[in-house]
Amino acid sequence: MDWQRQVSVAFATQKTGEALAAYRDNGSVHLEQGGEAARSAVVRDYLADMDGNPQASRVVLAHRRADVKALNEAIRSTLQEWGALTKGAEAGEVVAETNDGTRSFASGDRIVFLENNRELGVKNGMLGTVERIETSGDNLAPRLVARLDGENGRSVQVDLDTYKAIDHGYATTIHKSQGATVDRAFVLASSTMDRHLTYVAMTRHRKDVQLYADASAFAGRSASHASGQSSGHTSGRLVAHGAAPFEHKQGNAKSYFVTLETAQGAQHTTWGVDLERALGEARPKIGDMIGLRREGSQSVRLPDGRTVERNAWAVQSGEELAYDKLAEQLSRSGAKETTLDYTAAFAERRGIASTLGINSEIEVKGLEGGLAARHDNAPEKRVFSMDNGSIDEHWGGSVEENDRKKETGLDRGLEKPIEQTSPLVGRQQAPTGAVAGGRSQETQGQDTARAAGSDDQWAAPSDKWKAKAQEWRAKAQALRDQRQHEDGEPQLSARDSIRDRRLEIESRSDNQEQAMWAIAERATLHKTAQTGREKEMQYKLEAKARIYPQVWQQVSSQLAAGEHTQHLAQAVDKSIAAARDTDIER
């Protein structure tokens, strides 16, 4: 998408804060409470994408090896629970010693090669899938027969007694991913990252990237000020607040204080009359992580007629504070000033070379058979041909010939094009579940054209409609906040939770019809499970429908024809009609 290309330029030119803000605004930054919760969110979304987009490529990226190991284990164990991966010696799983310790392997496992080996024809960072495992009765180490990504599906036989530089490949380090491109990336942020690692991690994708972080790990730290204090800004856990004489000294004028405890255990008290208003609006609880930010001053007229300047304060929630510290940390400069595939290589790969004034031929080292390689025996030198600001990547031959190969799938060694079997890929199939009823083939055939923005209904909405949409989104958020304080509500099953997360991701699609269908599916899912969230989904659908009325008109007519979705279409239409009548009266 164009906005992602612009954001990638910002990453490449060290405008990390701006780039992260853009992804946050698009719902791609996820702050979780605790490291385990952050890793669980990554695993959940990775598996949801695997389930919804089986033909797409994906990778989990982290900086710390401990995180990579934990993520690999979590993804692998979940696949075994689902029966998608064998478990136990009886089922064919083997245990072997690698350079990084004891590992178990089974047919279907994703693996990564960690050292170059001429005999095998593998390079450091290449990925593959275990096709089968061969064992013998003479106590020799097992042999893995693995199909490499790309390279025309070439298979290699890995004797684990002679080649031990191998590990699971569901997740990998950011360093290993340099030079790679996948459809979707899932990035686990840590305090050890800098702007260069952030650039690499956040530019590995073609379609989508999601960033995850432990909010508590960032909310309590400050990259620039270890004490948690900076000029006009203090952060920490709320210990006490209230009205009292200034500095708690009898005889002093009445003021308002807030006492925070920093990550190092030191307590700091801030005084200011306006703090009472700021705390009253934010309504934090004792023990919450908050930030106090001075926002200039305001003129105040006292009862005796004097005019004084008084500090104005704002209170940041723990999540806002965590995001600010996350952005600060990921924007810092590290010792390394360049990466393996810095601005020039990335610009060539992503079709933005003309924007940066970069030549149209580069050298790419490394992952010919890596995460997204597609060619058999591809030489390391890739040629990039520029045409009207777009870019074509090929290995010799004309641009037209390579275009034909990409369209037919021949550039991946296929005898025929890949068929889209996933309902999430372009919505070429009818939606699954109860929402599928009534959707016409004509509607499905129009998705591609609409995704390209050819329909005038995709024009930018007016400010008035944006305001209305924001109002409905606020209602949905209020319902979500309310649910967090209620106990005993029914929850989705584990599999439905993954499906719900997949639909949530799809609901942010630029294809507004596809997004509306995803929200409608979520509403039906939650209504069936009686979680109480169907009203929230209705508000989200109302927001979309108000901004894109022509798209909604088409979706609504099909929802109205479905037994399980008729009520949803009627509720949204009724709400929009009521809002329209109110606008007319005004």
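In what sense do strand 3 and strand 4 (residues 101-105) pair, and over how many bridges? The two run antiparallel and are joined by five bridges; strands count as paired if DSSP finds at least two bridges between them. Before going further, a word on the source: this is a predicted model, in which local features need pLDDT of at least 70 and side-chain atom pairs count only at pLDDT 80 or more, while totals for chains, interfaces and linings use all residues. Residues are numbered from 1 along each chain as its sequence is written, and side-chain values use heavy atoms, with hydrogens and water left out.

Back to the pair. Strand 3 and strand 4 make a hairpin, with two residues between them, and Ala-96 has Arg-103 of strand 4 as its bridge partner. In a regular strand, side chains alternate between the two faces of the sheet. Strand 3 (residues 94-98) does just that: Val-94, Ala-96 and Thr-98 point to one face and are buried, while Val-95 and Glu-97 point to the other and are not. Buried here means under 20% relative accessible area, with exposed being over 50% and partly exposed in between (1.4 Å probe, protein chains only).

Now for the chain as a whole. Its secondary structure comes to 19 helices and 21 strands; these are DSSP runs numbered from the N terminus, with helices (H or I) of at least four residues and strands (E) of at least two. Of the chain's 586 residues, 47% count as buried. About 28,400 Å² is exposed, and carbon and sulfur atoms supply 46% of that area (Shrake-Rupley method, 1.4 Å probe; for residues, only the protein chains shown count as cover). Among contacts between residues at least 6 apart in sequence, 62% join residues at least 24 apart, a contact being heavy atoms within 4.5 Å.

One open sheet has five strands in the order 1-12-11-2-10, with parallel pairing. Strand 1 (29-32) and strand 10 sit at its edges with a single partner strand each, so one side of each has no neighbour in the sheet. Neighbouring strands of this sheet are turned by 25° against each other on average, direction ignored; axes are lines fitted to C-alpha atoms, for helices over the stretch in contact, and angles run from 0 to 180 degrees between N-to-C directions. Strand 11 (residues 182-188) has seven of its seven residues buried, so it is largely enclosed by the rest of the structure. Strand 11 runs parallel to strand 2 (residues 58-62), to which five bridges join it, and Val-60 has Phe-186 as its bridge partner. Six bridges link strand 11 to strand 12 (residues 205-214), again in the parallel sense, with Ala-185 opposite Val-209.

At the strand 10 edge, what does Thr-173 touch? Leaving out residues up to four places away in sequence, Thr-173 touches Leu-61, Ala-62, His-63, Arg-65 and Val-68. Thr-173 lies in strand 10 (residues 171-173) and counts as buried because its relative accessibility is 13%. His-63 belongs to the loop between strand 2 and helix 4 (65-82). Although 110 residues apart in sequence, His-63 and Thr-173 are 5.3 Å apart in space, C-alpha to C-alpha. With the same residues left out, other contacts of His-63 include His-175, Leu-188, Ser-190 and Met-193.

Another open sheet of five strands has the order 8-7-6-5-9 and antiparallel pairing. Its edges are strand 8 (155-159) and strand 9 (166-168), each with a single partner strand, so one side of each is left without a neighbour in the sheet. Here the average turn between neighbouring strands is 40°, direction ignored. Strand 6 (residues 127-134) and strand 7 (residues 143-148) run antiparallel and are joined by six bridges, Val-130 being partnered with Ala-146.

As for the nonpolar interior, the largest core has 33 residues, of which Phe-11, Leu-211 and Leu-326 touch the most other members. Such a core is a set of buried Ala, Val, Leu, Ile, Met, Phe, Trp, Tyr and Cys residues joined through side-chain atoms within 4.5 Å. Helix 8 gives the most to this core, with five residues. A second, separate core of 21 residues includes Ala-41, Tyr-46, Ala-171 and Leu-188. Buried residues of helix 8 (residues 318-330) include Leu-321, Ala-322, Leu-326 and Leu-330.

Note on methods:
The expected span of a helix is 1.5 Å times one less than its number of residues.
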